[in-house]
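Please open the model in a viewer and keep the selection panel at hand. The stops below each name what to select and then state what is found there.

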Amino acid sequence: MRGIMTELLQADPEGVTRAAAMLRDGKLVAFGTETVYGLGADATDADAVAAIFLAKGRPRFNPLICHYPSAEAAFLDVVADARARAVARAFWPGPLTVILPRRPGCAVALLTGAGLDTLGVRVPDHPVANLLLHRAGRAIAAPSANRSGHVSPTSAAHVLDGLDGRIDAVLDSGPCAVGVESTVLDLSGSQPVLLRPGGVTLEALEACLGPVQLGAPIDGAAGSGALRSPGLLASHYAPSLPVRLDAVSVAENEALLAFGPPPAGGRCVFQLSYSGSTAEAAARLFQGLRWLDAEGARLGAIGIAAMPVPDKGLGAAIQDRLRRAAAPRGQIGRE
Ligand code: TXA
Ligand code: MG
């Protein structure tokens, strides 16, 4: 690995200008969005994109998504049909990634999309990210700014926890408001397919598009040919302590990820939302997993008990991330 100095840049005009110049210069710059921090690089520069894969330890078959300041800019790189334009109008800027066919002659490096003939595109809803993307003036590839297989970062400090010395800079724009990654919607085929639940709910997508199919099994174990979204393997977002789902009680030697009034017991408790708000819980989820992992282990806990969250609306994205955190470890290519 490169063993480089990672600069911490403030989200002021000077910091954003420097971050944009670094991106244009082929450097790796992490930046905040409304969902999680992304690890950005010039998507048209194959060497810069290769450096993302290396810094994250990410398998090269797992495609990266491209970020743009506007739908107009995004649709220069992909072919947008009426459905794509409708979701762009309804949800951009916002936590939605749309998978569409690449345009012939699109300048985005093939490595960015892992050689697929589709590309994931997104317009983040964050003023600093938006300014940065404007200034960069080209598609910016940005997976979540964590080491592959680890929990996504929702603060600059989280980014440094995993990537300090491996990337050129972090632009600190404070904590992420949504807290879970974007919804990934595949519009490259005749039927809309939800590949990853996220910040835009299935219910909202269906209100805009009509019925949306749920993605094929994402754990790679189905044996039914190519994975539709190679990065969406079951084991993901994994803390080092094992996670027990749908906990209604907590053992003496467990740490508790609470949602609503907690049962008695446990080594330490992180409250996602005492009032039962899924928006509050999503914003605190990754911070909670990180905290329980460190604090629970320090106190000798042998696992994390996660209370259930309603499996609809934003709760579906939270439950999805919890299931991945609880999935068997060590699968090749987990992201
Ligand atoms: O909220 C987010 O989406 C964040 C912020 C930084 O924008 N980014 C993010 O990127 O979560 P990443 O790489 O961690 O997750 C994107 C997912 C990956 O699992 C990848 O496999 C899938 O989207 N993906 C990307 N391009 C694809 C494509 N052409 N076809 C199918 N799936 C794709
Ligand atoms: Mg990720």
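Begin by selecting Arg138, which is partly exposed, with a relative accessible area of 30%; by the convention used here, buried means under 20% relative accessible area, exposed over 50%, and partly exposed in between (1.4 Å probe, protein chains only). Add Asp42, which is buried at a relative accessible area of 3%. The two side chains form a salt bridge, with the closest N and O atoms 3.1 Å apart; the term denotes a side-chain nitrogen of Lys or Arg within 4 Å of a carboxyl oxygen of Asp or Glu. Arg138 belongs to the loop between α5 (127-136) and β7 (140-141), and Asp42 to strand β3 (residues 38-42), so the pair ties together parts that are 96 residues apart in sequence. Helices (H or I, at least four residues) and strands (E, at least two) are DSSP runs, numbered from the N terminus.

A note on conventions before moving on. The model is predicted: local features need pLDDT of at least 70, side-chain atom pairs count only at pLDDT 80 or more, and totals for chains, interfaces and linings use all residues. Residues are numbered from 1 along each chain as its sequence is written, chains are lettered from A and ligands numbered from 1 in the order in which they are written, and side-chain values use heavy atoms, with hydrogens and water left out.

Next, select helix α2 (residues 46-56). How many of its 11 residues are buried? Eight are, and the helix is thus described as mostly covered. The buried residues of α2 are Ala48, Val49, Ala50, Ala51, Ile52, Phe53, Ala55 and Lys56. Show β3, β7 and α6 as well, since these are among the elements that cover the buried residues of α2. At the N-terminal end of α2, Asp45 acts as a cap, a side-chain oxygen lying 3.0 Å from the backbone nitrogen of Asp47. Just after α2, Gly57 adopts a positive phi of about 65°.

Move now to Val78, in the loop between α3 (71-74) and α4 (82-91). Is Val78 buried or exposed? Val78 counts as buried, at 0% relative accessibility. Neighbours within four places in sequence aside, Val78 is in contact (heavy atoms within 4.5 Å) with Leu100, Pro101, Arg102, Arg103, Leu119 and Val121.

From this loop, proceed to Asp81 and Arg83, which form a salt bridge with the closest N and O atoms 2.9 Å apart. Both residues are partly exposed: Asp81 has 29% relative accessibility, and Arg83 has 21%. Then select the buried residues of α4, namely Ala84, Ala86, Val87, Ala88 and Phe91. These residues pack against α3, β5 (96-101), β9 (183-186) and α7 (202-209).

For the next stop, colour the chain by domain. The assignment gives domain 1 (7-214) and domain 2 (243-331); such bounds come from an automatic or database domain assignment. The C-alpha centres of domain 1 and domain 2 lie 27 Å apart. At the interface, 19 residues of domain 1 are in contact with 14 residues of domain 2. The area buried between the domains is about 1,300 Å², with carbon and sulfur atoms giving 59% of it; buried area is the accessible area (1.4 Å probe) that two parts lose on being put together, summed over both. Val151, Val180 and Pro197 deserve highlighting here: they supply 37% of the area that domain 1 buries against domain 2, more than any other three residues.

How many salt bridges are counted between domain 1 and domain 2? The count is two. Select Arg290 and Asp161 to view a salt bridge with an N to O distance of 3.8 Å. Asp161 counts as exposed, at 62% relative accessibility.

To finish, display every salt bridge: a search of the whole structure finds 12. Glu181, Asp320, Arg321 and Arg324 are linked in a network of these bridges.

Technical notes:
A polar contact is a pair of N or O atoms within 3.5 Å; within protein, one must be able to donate a hydrogen and the other to accept it, and residues adjacent in sequence count only if both atoms are side-chain atoms.
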